[in-house]
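Q: I have a model open in front of me and I'd like to learn how to read it. Could we walk through it together, one feature at a time?

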Amino acid sequence: MRIAMIGTGNVGRALAAGWSRAGHDLVFGSRRPDDEALRKELAEAVGARVSVLDPASAATGAEVVVNATPGTESVALLGAVGARALTGKVLLDVAVGFREDGALSHPVESLGEELQRAFPGTAVVKTLCTVDAGLMCAPHALTGPSTLFLSGEDAVAKRTVGALLRDLGWPEESLLDLGGIATARGQEHYSLLFLGVAGALGTYGFGIRIVPPAAEG
């Protein structure tokens, strides 16, 4: 599958490396597509030769587009990519936005919902925003099973994203479909608890697990 990464930071690089190892074709969308130093950095991070195009060209040629941009800038950056380039695509949204004071940039409606409204012809699926970049492609580094969430309106798109998550090492039993894109609010708000837990543990390298009740009888 050809996957376009919109965002060249730590999250985009980590996910690109994981999917590249799984055999997918990765392309980065950057506002600096001709920057040779950036190309070299991305190739070293991914561990393979990567293509770097302008964001619209990267999205147009891909089946899945990954939003790994800062959450406060995602709507504007994807707006620059353009609805035409994103129409008919699966948009895997990883981002969470924080204001300078540490508050969420989307305290009522989630970023995932705003993106779905801005791009109605695109199937937005929110996931991966409840774990640190280092664990997104390494769930085996945890001492036990962890839960990863999916939110979105399109069942086919969620199956596509689920397959990509399994390619990163997340087993089927770790994936929990929360329902429609409105449930992305919970995923994004969890980031506040995530930061609190990270402060208590002294590390970002942890997951969470949903423990169901014991069967009666």
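A: Sure. Let's begin with cysteines: a disulfide is a pair of cysteine sulfur atoms within 2.5 Å. Keep in mind that this is a predicted model.

Q: By that rule, how many disulfides does the count come to?

A: The count comes to zero. Take cysteine 129: the nearest cysteine sulfur belongs to cysteine 137 and is 15 Å away, so with a cut-off of 2.5 Å cysteine 129 is in no disulfide. Seen from the other end, cysteine 137 has the sulfur of cysteine 129 as its nearest, again 15 Å away, and is in no disulfide either.

Q: Is cysteine 129 buried or exposed? And what about cysteine 137?

A: Buried means under 20% relative accessible area. Cysteine 129 has 11% relative accessibility, so it counts as buried. Cysteine 137 is buried too, with a relative accessible area of 15%.

Q: Now the sheet. In what order do the strands come?

A: Read across the sheet, going from neighbour to neighbour. Here eight strands form an open sheet, in the order β3-β2-β1-β4-β5-β6-β7-β8, with mixed pairing. The edges are β3 (51-53) and β8 (175-179), each of which pairs on one side only. From one strand to the next, the twist averages 25°.

Q: Where do I see the mixed pairing?

A: Compare strand directions. Strand β1 (residues 2-6) runs parallel to β4, and four bridges join them; alanine 4 has valine 65 in β4 as its bridge partner. On to β5 (residues 90-93): β4 is joined to β5 by four bridges, also parallel, and asparagine 67 has aspartate 93 in β5 as its bridge partner. For the antiparallel kind, look at β6 (residues 123-126) and β7 (residues 148-152), which are joined by two bridges. Lysine 126 stands opposite serine 151 in β7.

Q: Which side chains of β4 are on each side?

A: In a regular strand the side chains alternate between the two faces of the sheet. In β4 (residues 64-67), Val64 and Val66 are on one side, while Val65 and Asn67 are on the other. These residues are all buried, and both faces of β4 are covered.

Q: Which strands does helix α1 lie across? And helix α8?

A: Check which strands each helix touches, then its direction. Helix α1 (residues 10-21) lies across β1, β2 (25-29), β4 and β5, and runs at about 160° to β2. Helix α8 (residues 155-167) lies across β1, β4, β5, β6, β7 and β8, at about 155° to β7.

Methods. Residues numbered from 1 in each chain as written. Predicted model: local features only at pLDDT ≥ 70, side-chain atom pairs only at ≥ 80, totals over all residues. Heavy atoms only, no water. Buried < 20%, exposed > 50% of the residue type's maximum accessible area, 1.4 Å probe, protein only. Pairing = 2+ DSSP bridges. Axes fitted to C-alpha atoms, helices over the stretch in contact; angles between N-to-C directions. Contact = heavy atoms within 4.5 Å.
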